Amino acid sequence: MLKRTFLTLCAASAFAMANAQTQYTIAADKVKAHIQPTMYGIFFEDINLAADGGVYAELVKNRSFEFNMPLMGWKEQKKDGGDGRTEVINRAVERPENAHFIKSYITSDAGFYGFSNEGFRGGMGVKEGEEYSFSVIAKQEGDTYVKLNIELHGDNGDIIGKAELMPTDKEWNRYSVKFKSSATTPKAQLYVWMSGKGVIDLDMISLFPEHTWKNRPGGLRADLVQRLADLKPGFLRFPGGCIVEGRELNNRYQWKKTIGPVDKRENIINRWNTEFKHRPAPDYYQTFGLGFMEYFMTAEDIGASPLPILNCGMACEFNTGELVPLDKLDPYVQDALDLIEFANGDASTKWGKLRTDLGHPAPFNLKMIGVGNEQWGPQYIDRWKIFTKAIKTKYPDVKIVSALGPSPEGKEFDLLNKTFRSLGADILDEHYYAPAKWFRDNARRYDNYDRKGPKIFAGEYAAQSVSTVNPDNKNNWECALSEAAFMTGLERNADVVNMASYAPLFAHVEGWQWTPNLIWFDNLKSYATPNYYVQQLFSINKGTDVVPLTLNNEAVAGQNDSYATASLDKNTNELVIKFVNTSTSAQNVSFKITGSKGYQKQATVTTLKAESKDAENSLTAPTAVSPVESTIDISGNTLKLAVEPYSFKIVRLKNK
Ligand code: AHR
C-alpha cells in the first residue's frame, strides 16, 4: 500500500513537472558576441589507426619494409612447385629515408614464389566492382626477367581480383596495373607472385582503391573524409596530439619529411605503438602518405582553416620529456618559419615554390600555427618565447596557439595561463578529458574570463564515461549530452572562445589505443557517435552572433538541469535556439523573444535524444542516436517547446 502511494506521488510530481512551463527570455536585438567562422573544428591525430590503416587509403601494410621487423605484415608463399628465397637489403647510406627493399631469388622454373600481405587488422577492405591500383618500384637484377602475378584473395581464399605485371628495367622504376574486385570483403589478402627463374628487387608494394576522396591517386578514404566534410568544420588541427612531440625527440613529427614523393617520406614508428600496455599495436607505423600537403589540401577541400601544430623542441612530457637545448633550437624554429612560407609564400620564395611544384600554386591561407602540443612547465615557456619572437618578427599577422598543458586547472595550468596572458599570447589551447559531470558543472567556465585577454581554443576535449585513458570509456549518450551542455557555454562566450574541437577524432574498431573517439570505422564502413552529432549540430547551427537567452536575467547553465544558448544567423536571417535537457523529466518550456519584428509561422526543430544515457551507436546500429527533423508552429513572439528527457534540441526561426 505504502509502495503504491509512493509511486502515485512520484508519477504525479513527474506529471506536474512535465506540465509546469518555464519561461526563458531571448533579446534578439542585443548582440553579445560575434561567433567566429572557426568556432567548431576538427582535431586530427594519427592515433587508433586514424591515418595509416584508416583515412589514408593504402591497403598494404609495411609497403616499403621499413618496420623494425622489415617483413612484418608479409608472409612467404609458394605454389605449383614454385620456389625461391628473399633477402632484406639495407641501403641506408644511399637512401637513409627509405633504407630497406627486398631482393627475391626465384630458383624454380615451375610454379610461383612470392608474398602475401595481410593488410590492416587482418585484411584489406575491398568492394565488388570497384577498381584497385597495384603499384611497385622494381628492378630486374639478372639476365632473365621475373614476372609478377597479382592476386586478391577473398574470405575463403578464392581469387577475387588479379593482374599481371612485367617489370622491364634494370634500374629502379615504378610499375602499376589496375584490376577490379569481384567481391566485397573487409579482410582480403594481397598475393604478389613471382615466376620465371631470376632475381628481382622490390620496394613500395602498394594497393589503393581508385575511388578515393576527390579520386586523387594514392589518396584518402572518401567515406571517412566525407564524415569530416559533413561536420562543416571551421578549422582542421593537425597532425596531433602527442605524435607532434614523439615519445623521444627523434620520433617527433617533422613536416618536411612528409611532403613530395611517398617513397622519399621517411617512415617512423607511431608513438601509440607502445604507449598503452593494455592496447599494444606493434604494427603501428607512420608512412606519412598522409603528410602536410595532404593535410593542407584536405583542410581546403572541406572549407576548414588549417591549424598545424609544430614540435617546439620538446618530446612528450608523459614519456621522455626530452628537450632540445635552448641554443640548439634554430632548426625547430626554422621549420615553423619555413612552414608558414610553404603555406602562404608565392613561387618566388623557396618553400612557396615547392608548394607550387607539388601542384598547388595558390596559397593555403595559413592564419595560425601551434607552438608545441600539450606542453607544460617553465621549459615550455623558455622555448615558446624563442619561437614567438621569431614567428612574430617575420609574420606578425600569424596567430600563435599556445598550450596550457593537459589539464584545465592546477599548478601547471595556472603558471602557463598567468605567464602567457602577461606576455600577450594570441590563443590559449585548453584541454579537458574529464567526467561527464565535469562538463555539465563547467558550462559557466568562460562566463568570467577576461574579455580583453587571449582568445580560447578548447583544443582537445571529450567526456570520459569511466576515466581518462580507461579502455572501458564509451561514446555514450550521457557523455555526448554533457558535452552539448558544456558547448552552450562555449558558444555563449564566443567573444572569448574562438575555437573548439573534440578529441580524438578517428578509431579503428579493431585497432584503437584510446577511447572515446568521435568516429569509429572498420576496413569498409564507419559510424558517427552521438558525440559526433552533437559536434555537427553545433557546427551547422552556430549562427553568426550570440544574443542573450536568460532565465530570471541569468544565463541558462544548469537551472532545471537545462543549458541553452541563442544566436542570430545573419546569413540566413534566422534566430537559432539550442536547448539541452539533461534531466530524466520532460520539460515544457517557452521562449519570449523580444527585439524582433516577428517570425514566420513555422520553425524547424532538430532533436537528438536517446531513451537511456548509456545509448551508443555502432557499426550495426550506426544511427541509433541521430538527429531527427520536425517543424513547430509559432504564434507571435513566443515559442512553446516540449522538450523530452535527455534531449538536445535546436530550433531555427526565420524572420518575417
Ligand atoms: O587525444 C589523445 C591525446 O590526448 C593527444 O595526443 C594528447 O594531446 C592528449 O594528451
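User: In this predicted model, which residue has a backbone N or O atom that lies 2.8 Å from an oxygen atom of the ligand?

Analyst: A polar contact is a pair of N or O atoms within 3.5 Å, and a distance of 2.8 Å between a backbone N or O atom and a ligand oxygen atom is reported for one residue here. That residue also appears in the list of those around the ligand, which includes Gly241, Cys242 and Trp272. The residue asked for is Cys242.

User: How far is an oxygen atom of the ligand from an N or O atom in the side chain of Glu45?

Analyst: Glu45 and Glu374 are among the residues around the ligand. For Glu374, a polar side-chain atom lies 2.7 Å from an oxygen atom of the ligand. For the side chain of Glu45, the distance from its N or O atom to a ligand oxygen atom is 2.5 Å.

User: Are H6 and H7 roughly parallel or roughly antiparallel to each other?

Analyst: Helix H6, residues 378–394, packs with helix H7, residues 411–422, at an angle of about 25 degrees, and their axes are 10 Å apart. Angles under 35 degrees count as roughly parallel, so H6 and H7 are roughly parallel.

User: What is the angle at which the axes of H4 and H5 cross, and what does that make H4 relative to H5?

Analyst: The axes of helix H4, residues 330–344, and helix H5, residues 350–357, come within 7 Å and cross at roughly 45 degrees. That angle makes H4, relative to H5, oblique.

Conventions: Residues are numbered from 1 along each chain as its sequence is written. This is a predicted model: local features need pLDDT of at least 70, side-chain atom pairs count only at pLDDT 80 or more; totals for chains, interfaces and linings use all residues. Side-chain values use heavy atoms; hydrogens and water are left out. Axes are lines fitted to C-alpha atoms, for helices over the stretch in contact, and angles run from 0 to 180 degrees between N-to-C directions. Helices (H or I, at least four residues) and strands (E, at least two) are DSSP runs, numbered from the N terminus. Angles under 35 degrees count as roughly parallel, over 145 as roughly antiparallel, 65 to 115 as roughly perpendicular and the rest as oblique. A residue is near a molecule or strand if one of its heavy atoms lies within 4 Å of it. A polar contact is a pair of N or O atoms within 3.5 Å; within protein, one must be able to donate a hydrogen and the other to accept it, and residues adjacent in sequence count only if both atoms are side-chain atoms.
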